[in-house]
Amino acid sequence: MPLQPSRIMGDFINYFIFSNKVQHLLFKNVTVSSNEGMLGLCVGVAVFTFVFEAIKSLRHYLVILQMKRRTEQSELSEEESKRKKDSALTSLNPSSKRTEKLKFHCLQTLLHMLQLTLGYMNCDI
């Protein structure tokens, strides 16, 4: 009489089966049935995780860089306003600040969209 696997709560088996066969990991229709495929899948998941964390760190770095530049520019503009009140350079300064803020905002938005896309790809199991 063969041993039947023990079951708890319906059809759930209460032990692990270790093998090199994987179906639907991260993407539908991704199937692995060899050791080389399993190694490739592990490397792919590691690269995916590294890219996700790198984007997150880059976004954090951009926020810090933008705050640093904002404080430096405010200090410089205060010094320049004390020296020269009616200069052509100070009239160009607000538009260059706006352009720089727009560049940071667009880059942050693109990185956020990429991070969300990677996150949703990860949830699509």
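This is a short chat about a predicted model of a single chain.

Visitor: What pattern does the chain follow along the sequence?
Guide: Going along the sequence, you get β-β-β-β-α-α. That fits the tally of 2 helices and 4 strands. Keep in mind that this is a predicted model.

Visitor: How much of the chain counts as buried?
Guide: Just 10% of the 125 residues count as buried. The chain exposes about 10,700 Å², and carbon and sulfur atoms supply 64% of that area.

Visitor: OK, so which residues make up the largest nonpolar core?
Guide: There are 6 of them: Phe48, Ile55, Leu62, Phe104, Leu111 and Leu118. The elements giving two or more residues to this core are α1 and α2.

Visitor: Why would side chains like that end up together?
Guide: As a general tendency, nonpolar side chains in soluble globular proteins are buried together.

Visitor: Zooming in on leucine 111, what does it touch?
Guide: Leaving out residues up to four places away in sequence, leucine 111 touches Ile55, Leu58, Arg59 and Leu62. Two of these partners, Ile55 and Leu62, are listed in the core with Leu111.

Visitor: Switching to something polar: where is glutamate 100?
Guide: Glutamate 100 is in helix α2, which covers residues 88-123.

Visitor: And which residues does glutamate 100 touch?
Guide: Arg69 and Gln73, again not counting residues up to four places away in sequence. Glutamate 100 and arginine 69 are 31 residues apart in sequence, with their C-alpha atoms 9.8 Å apart in space.

Visitor: What share of the chain's contacts is long-range like that, 24 or more positions apart?
Guide: Among contacts with a separation of 6 or more, 54% come from residues 24 or more positions apart.

Visitor: Now the surface. Which residues make the nonpolar patch?
Guide: Leu39, Val43, Val47, Phe50 and Val51 make a patch of about 490 Å².

Visitor: Is valine 51 in that patch buried or partly exposed?
Guide: Valine 51 is partly exposed, because its relative accessible area is 35%, and the range for that label runs from 20% to 50%. Valine 51 lies in helix α1, residues 35-83.

Visitor: Last topic, cysteines. How many disulfides does the structure hold?
Guide: The structure has 0 disulfides.

Visitor: So are cysteine 42 and cysteine 106 buried or partly exposed?
Guide: Cysteine 42 is partly exposed, since its relative accessibility is 46%. Cysteine 106 also counts as partly exposed, because its relative accessible area is 40%.

Definitions and conventions: Residues numbered from 1 in each chain as written. Predicted model: local features only at pLDDT ≥ 70, side-chain atom pairs only at ≥ 80, totals over all residues. Heavy atoms only, no water. Patch = residues over 30% accessible without salt bridge, like charges linked within 9 Å, V, L, I, M, F, W, Y side chains within 5 Å. Areas by Shrake-Rupley, 256 points an atom, 1.4 Å probe, with all protein chains shown as cover. Salt bridge = Lys/Arg side-chain N within 4 Å of Asp/Glu carboxyl O. Buried < 20%, exposed > 50% of the residue type's maximum accessible area, 1.4 Å probe, protein only. Disulfide = S-S within 2.5 Å. Contact = heavy atoms within 4.5 Å. Core = buried A, V, L, I, M, F, W, Y, C linked by side-chain atoms within 4.5 Å.
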